[in-house]
Amino acid sequence: HSLMKSNRSKFILSSLASVASGLALANCNGGTPDKPSKATNVRKNIYKWKMSTAFPKNFPGSDLNAQKLKNYIENASDGQLVIEHFGAGEIIPAYEIFDAVRNGTIDCGVSAPYYWISKHKAIPFFCTVPGGMTGIEKFSWINFGGGQELWDKLYSQFNLKGILCGNTGVQMGGWFKKEIKSLEDFKGLKMRIPGIGAEIINRLGGTAVNMPPGEIMPALQQGVIDATEWVGPWVDKISGLHKIAKYYYGPGIHEPGTANELVMRLDKWQDLPNNLKEIVKSSCYAIYIESLAEFLHYNSLSLEELKKKYKVKVLNFNSEIMKKMFEISSSVIIEFSNLGEIHKEIYNSWYDSLKKYNNYQKFSDYGYIKERINSLKI
């Protein structure tokens, strides 16, 4: 009988110890073997980053995509990587993202890489260059044609890491207060346009002006600029550019597939465990394909609205202008490729892929869509 009492006491004490252990874990928000997701912050090793974008807060297609990226990463990592998001100007001016990430003021940013052309003339190849790749072609080159390795090689000089994160698709050529009938109409024209595209306007006799997105509308209103390119019908309409300029030209050969990036401080990226690196990369790529689809859908709806509701004159540049733009584009890109060894390495890789894509496009999207338009006549 005493032996049974002794065993019963040991059992009760053992049970109480188990309950106490469970309560202790619960009280410190800990996990249990059957609920590992409740593991403590210490166990999960929480990473906290600050992100700033080069775009106005809550702007569709850009800053909202950065917020979506933040949510994707936090949800997929179950809160292991937490990102505090800021729009342009909230803590960092739009055009200072590059340096702010480098010097550790913030951990990452979402921007268009060609904003950093003053840092290195080869950077625009990873965003967009005139007469270059479409959105899907760029994704192919970066991921399968050696582009990412070259991007890493270039950005490592600045202690940075970039990943593709969004694409507008082919952009429009721009908004003009006056009709553009010939090459002469570009002479003396002041136009907001960034990146290598700025060289086209300069060499056509105009003056390229670079300014952050938030400054475009007031500059156009006040006559600081005569024309501007921004993105495409969807976000251009939201920006209200049609209220000032009524001539809308396209396609924009200066930006045939403008990519955004998630730019991170390299040592912050390297500190991440492999699972978080994969989550960041996959989330960026999800944003990339989603943004291409989003822009295609809303651009097509907005173009109709601009024409029918707001009476905007949507026109193509004539063949003389387009031919000259492509000629200048080719010259500028070749000039840039001769500025240094890495410039040439990036250009050669990019151009080799572009030639292959050009040959295939006759039988791919371009070949098919051309025939579809001619046949359906919608």
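The accessible surface of the protein chain comes to about 18,500 Å², and 55% of this area belongs to carbon and sulfur atoms. The coordinates are those of a predicted model, and the values reported here were computed from them. Of the 378 residues in the protein chain, 48% count as buried. The secondary structure of the chain consists of 14 helices and eleven strands. When contacts in the protein chain between residues at least 6 apart in sequence are considered, 75% of them join residues at least 24 apart.

Among the sheets, an open one is built from six strands in the order β7-β6-β8-β5-β9-β11, and its pairing is mixed. The edge positions are taken by β7 (207–209) and β11 (313–316), each of which pairs on one side only. Strand β6, which spans residues 190–192, runs parallel to β7 and is joined to that strand by three bridges. Within this pairing, M191 has A208 of β7 as its bridge partner.

A further set of pairings involves strand β3 (residues 108–111), both faces of which are covered: C108 and V110 on one side are buried, as are G109 and S111 on the other. Strand β1, formed by residues 47–53, pairs with β3 in the parallel sense over three bridges, and M51 stands opposite C108 of β3. Strand β10 (residues 259–265), by contrast, runs antiparallel to β3 and is joined to that strand by four bridges; here G109 stands opposite V263 of β10.

The interior was examined next. The largest nonpolar core comprises 106 residues, of which F176, F186, L262 and V280 touch the most other members. Helix α11 (residues 274–308) supplies the largest share of this core, namely ten residues. For V280, when residues up to four places away in sequence are not counted, the residues touched are I73, L81, I163, L262, M264, W269 and L272. One of these, L262, is itself among the four core residues that touch the most other members.

The structure holds 20 salt bridges. One of them is formed by E345 and K153, whose closest N and O atoms are 2.8 Å apart. This pair links distant parts of the chain, since E345 lies in helix α13 (residues 341–361) and K153 in helix α6 (residues 147–155), with their positions 192 residues apart in sequence. Both partners belong to the intermediate class of accessibility: E345 is partly exposed because its relative accessible area is 31%, and K153 is likewise partly exposed, with a relative accessible area of 40%.

A second salt bridge is formed between K187 and E184, with a distance of 3.1 Å between the closest N and O atoms. K187 counts as exposed because its relative accessibility, 51%, lies over the 50% limit set for that class. In a third case the side chains of R203 and E199 meet in a salt bridge at 3.3 Å from N to O. Both residues lie in helix α7 (residues 197–203) and are four residues apart, which corresponds to about one turn of the helix. R203 is partly exposed, with a relative accessible area of 38%, and E199 is also partly exposed, with a relative accessible area of 24%. Elsewhere, D99, R102 and K119 are joined into one network by salt bridges that share partners.

Nonpolar side chains also contribute to the surface. A nonpolar surface patch of about 310 Å² is made by Y368, I369 and I373. Y368 is placed in helix α14, which covers residues 365–376, and this residue is exposed, with a relative accessible area of 52%. Another nonpolar residue, I136, lies in helix α5 (residues 135–144). I136 is partly exposed because its relative accessible area of 44% falls between the limits of 20% for buried and 50% for exposed residues. The C-alpha atoms of I136 and G169 are separated by 8.5 Å, although the two residues are 33 residues apart along the chain.

Note on methods: Residues are numbered from 1 along each chain as its sequence is written. This is a predicted model: local features need pLDDT of at least 70, side-chain atom pairs count only at pLDDT 80 or more; totals for chains, interfaces and linings use all residues. Side-chain values use heavy atoms; hydrogens and water are left out. Patches are made of residues with over 30% relative accessible area and no salt bridge: like charges are joined within 9 Å, nonpolar side chains (Val, Leu, Ile, Met, Phe, Trp, Tyr) within 5 Å. Accessible areas come from the Shrake-Rupley method with a 1.4 Å probe; for residues, only the protein chains shown count as cover. A salt bridge is a side-chain nitrogen of Lys or Arg within 4 Å of a carboxyl oxygen of Asp or Glu. Helices (H or I, at least four residues) and strands (E, at least two) are DSSP runs, numbered from the N terminus. Buried means under 20% relative accessible area, exposed over 50%, partly exposed in between (1.4 Å probe, protein chains only). A nonpolar core is a set of buried Ala, Val, Leu, Ile, Met, Phe, Trp, Tyr and Cys residues joined through side-chain atoms within 4.5 Å. Contact means heavy atoms within 4.5 Å. Two strands pair if DSSP finds at least two bridges between them.
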